[in-house]
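This report covers helix packing, salt bridges and selected residues in a single protein chain. The sequence and the structure come first.

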Amino acid sequence: MGRWITKNGNRIYIESGAGPLVAVATAAVLAGGGVAGVSAGGLSAGGGGVGTGAASEVFAGNAAGDVVDSLPGRSIKTRRAEGRESAKKGKPGEAWSKLKVKQLRRQVHDLEHAAECVAASTDEVREFLMRTPCSSLHRMLLAVGDGHGDAAVISVVRVGFRSKKQAAAFEKVERVQGSGDVRPLDVAVVLGVAGVKMTGLHYASRPEGYGMVVAEADNATGHFDGETLDALADVASWMSLKK
């Protein structure tokens, strides 16, 4: 038995059972053409995972074996907690090294109009933002790699409001599976990486002042397991979205 969810404007079926959750692509996901592939790290399209040109620049140097592991022999639980603390202190390089990755690319977009929040949202989340206008929208895309060919794309979105009460009300709607989302930046357009879908399966969220921060991580090339993708999203959610 499974369930349908809506995430980032896509309908995804989640199969449950003895094994890990598996995302199954629907016709809506495949409408753009190509063949979808499913991995433990999430849904990707186009088989190869990345395009050419700009994509090759994003992942250039990710096979150099130069990633510094600042917590050798530690569990992913410890790495996640330590990486979070470094991110809180404004030390992204240190935070990533605690998860055995390095940053390959970072892009930030800021929008200050309520209409932009509505345009970027879907389903019940969109309806909420039409009733309760946001005051700001900050979105960031990151590409990180382990220096051995495995890479992930991470989206971070911060929606700001005029009060903590509004932010808390937004979080109650956004956290419900199937309620919609504020869409991440387009990976293909912003990073030049084709064939990567943000599935929302590896997810972290937290309140921040009068706003709500939501982060998601998915495989881009190679493979990170689900626990590592969850840790990447968690640590990224504490990083600055300033340009």
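## Basis and overall composition

A residue counts as buried when its relative accessible area is under 20%, as exposed when that area is over 50%, and as partly exposed in between. By that cut-off Ser86 is buried, because its relative accessibility is 1%. The model discussed here is predicted.

The protein chain contains nine helices and 10 strands. It has 243 residues, of which 45% count as buried. When contacts in the chain are restricted to residues at least 6 apart in sequence, 68% of them join residues at least 24 apart.

## Helix 3 against helix 9

Helix 3 spans residues 76-88 and helix 9 spans residues 226-236; their axes are 9 Å apart and the packing angle is about 15°. An angle under 35 degrees counts as roughly parallel, so helix 3 is roughly parallel to helix 9. The two helices cross in a right-handed sense.

On the helix 3 side, the residues in contact are Ile76, Arg80, Gly83, Arg84 and Ala87. Their counterparts in helix 9 are Glu227, Thr228, Asp230, Ala231, Asp234 and Val235. Sorted by class, this contact holds five charged, four nonpolar and two polar residues.

## Helix 6 against helix 7

A second helix pair is formed by helix 6 (residues 123-131) and helix 7 (residues 164-174), with an angle of about 160° and axes 9 Å apart. Angles over 145 degrees count as roughly antiparallel, and helix 6 and helix 7 are therefore roughly antiparallel to each other. The crossing of helix 6 and helix 7 is right-handed.

Helix 6 contributes Glu124, Val125, Phe128 and Leu129 to the contact, while helix 7 contributes Gln166, Ala169, Phe170, Val173 and Glu174. Six of the residues in this contact are nonpolar, one is polar and two are charged.

## Salt bridges

Side chains of opposite charge can pair when their charged atoms come close. The whole structure has 10 salt bridges. One of them joins the side chains of Glu82 and Lys98, with an N to O distance of 3.7 Å. Glu82 belongs to helix 3 and Lys98 to the loop between helix 4 (92-97) and strand 6 (102-111), so this pair ties together parts that are 16 residues apart in sequence. Glu82 is partly exposed at a relative accessible area of 34%, whereas Lys98 is buried at 12%.

Arg84 and Asp234 form another salt bridge, in which the closest N and O atoms are 2.6 Å apart. This pair links distant parts of the chain, since Arg84 is in helix 3 and Asp234 in helix 9, 150 residues apart. Arg84 is partly exposed, with a relative accessible area of 22%; Asp234 is buried, at 7% relative accessibility. A third example is the salt bridge between Glu208 and Arg158, with closest N and O atoms 2.6 Å apart. Here Glu208 sits in strand 9 (residues 203-208) and Arg158 in strand 8 (residues 151-160), distant parts of the chain 50 residues apart. The relative accessible area of Glu208 is 30%, which means partly exposed, and that of Arg158 is 15%, which means buried. Through shared partners, salt bridges join Arg80, Arg84 and Asp234 into one network.

## Surroundings of Ser86

Ser86 is part of helix 3. Which residues does Ser86 touch, not counting residues up to four places away in sequence? They are Lys91, Glu94, Ala95 and Lys98. Of these, Lys98 is also the salt-bridge partner of Glu82.

## Surroundings of Gly222

Gly222 lies in the loop between strand 10 (211-221) and helix 9. Is Gly222 buried or exposed? Its relative accessible area is 56%, so Gly222 is exposed.

Leaving aside neighbours within four places in sequence, Gly222 is in contact with Gly149 and Asp150. The C-alpha atoms of Gly222 and His148 are 8.9 Å apart in space, and the two residues are 74 residues apart in sequence.

Key:
Residues numbered from 1 in each chain as written. Predicted model: local features only at pLDDT ≥ 70, side-chain atom pairs only at ≥ 80, totals over all residues. Heavy atoms only, no water. Axes fitted to C-alpha atoms, helices over the stretch in contact; angles between N-to-C directions. Helix = DSSP H or I, 4+ residues; strand = E, 2+ residues; numbered from the N terminus. Parallel < 35°, antiparallel > 145°, perpendicular 65-115°, else oblique. Left-handed = near helix turned anticlockwise from the far one by under 90°. Contact = heavy atoms within 4.5 Å. Nonpolar A, V, L, I, M, F, W, Y, C, P; charged D, E, K, R; others polar. Salt bridge = Lys/Arg side-chain N within 4 Å of Asp/Glu carboxyl O. Buried < 20%, exposed > 50% of the residue type's maximum accessible area, 1.4 Å probe, protein only.
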